Amino acid sequence: MEPVTSSHGSIDLIVPGCHKASGLKRLVERWGISPSQCAAFGDGGNDIEMLQYCGHGFAMENAPQNVKDAAKYVCPSNEEDGVLVTLEKMFA
């Protein structure tokens, strides 16, 4: 078990190799797409593998620095509707 931060001071215990990115990998294989076609948004330590896996990994502005460092991009914070704002730009 690997402890990682999630949000609001919580800790998640992750079984090695069984994280959000491993679930996305199964979907990518099932749908016949590539990770470069995927977008993910995260703000906690439990999102790091997912942000690294996806071609468009966005850390929220209010995420801890280690999460921002893992992501390819940083988008506005949760309080600023960062996911919605970024998706609107991506699909404009």
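The legends below describe an overall view and several close-up views of one predicted protein model.

The model is predicted, so that local features need pLDDT of at least 70 and side-chain atom pairs count only at pLDDT 80 or more, while totals for chains, interfaces and linings use all residues. Residues are numbered from 1 along each chain as its sequence is written, and side-chain values use heavy atoms, with hydrogens and water left out.

**View 1. The protein chain as a whole, with four helices and five strands.** Helices (H or I, at least four residues) and strands (E, at least two) are DSSP runs numbered from the N terminus, and from that end the elements follow the order β-β-α-β-α-β-α-β-α. The C-alpha trace spans about 40 × 35 × 15 Å along its principal axes. The radius of gyration, taken over C-alpha atoms, is 13 Å, which agrees with the value near 12 Å that a compact globule of 92 residues would have; the globule rule is 2.2 Å times the number of residues to the power 0.38. Of the 92 residues, 35% count as buried, where buried means under 20% relative accessible area, exposed over 50%, and partly exposed in between (1.4 Å probe, protein chains only).

**View 2. The salt bridge between K20 and D47.** A salt bridge is a side-chain nitrogen of Lys or Arg within 4 Å of a carboxyl oxygen of Asp or Glu, and a search of the whole structure finds three of them. In this one the N to O distance is 2.5 Å, and the pair links distant parts of the chain, with K20 in helix α1 and D47, 27 residues apart from K20, in the loop between β3 and α2 (48–53). K20 is partly exposed at 36% relative accessibility, whereas D47 is buried at 4%.

**View 3. The salt bridge between K25 and E29 within helix α1.** The closest N and O atoms of K25 and E29 are 3.6 Å apart, and the two residues are separated by four places in sequence, about one turn of the helix. K25 is partly exposed, with a relative accessible area of 43%, while E29 counts as exposed at 53%.

**View 4. The surroundings of K68 in helix α3 (residues 65–70).** K68 is buried, with a relative accessible area of 18%, and forms a salt bridge with E61 in which the closest N and O atoms are 3.2 Å apart. A polar atom of the K68 side chain also lies 2.9 Å from the backbone oxygen of E61, a residue that is itself partly exposed at 41%. Leaving aside residues up to four places away in sequence, K68 touches A59, M60, E61, A63 and V74, contact meaning heavy atoms within 4.5 Å.

**View 5. Q37 in the loop between α1 (20–31) and β3 (39–42).** Q37 is exposed, with a relative accessible area of 54%, and its side chain reaches the backbone nitrogen of S34 at 2.8 Å. Q37 and C54, 17 residues apart in sequence, have a C-alpha to C-alpha distance of 7.4 Å.

**View 6. V15 in the loop between β2 (11–14) and α1.** V15 is partly exposed at 42% relative accessibility.

Note on methods: A polar contact is a pair of N or O atoms within 3.5 Å; within protein, one must be able to donate a hydrogen and the other to accept it, and residues adjacent in sequence count only if both atoms are side-chain atoms.
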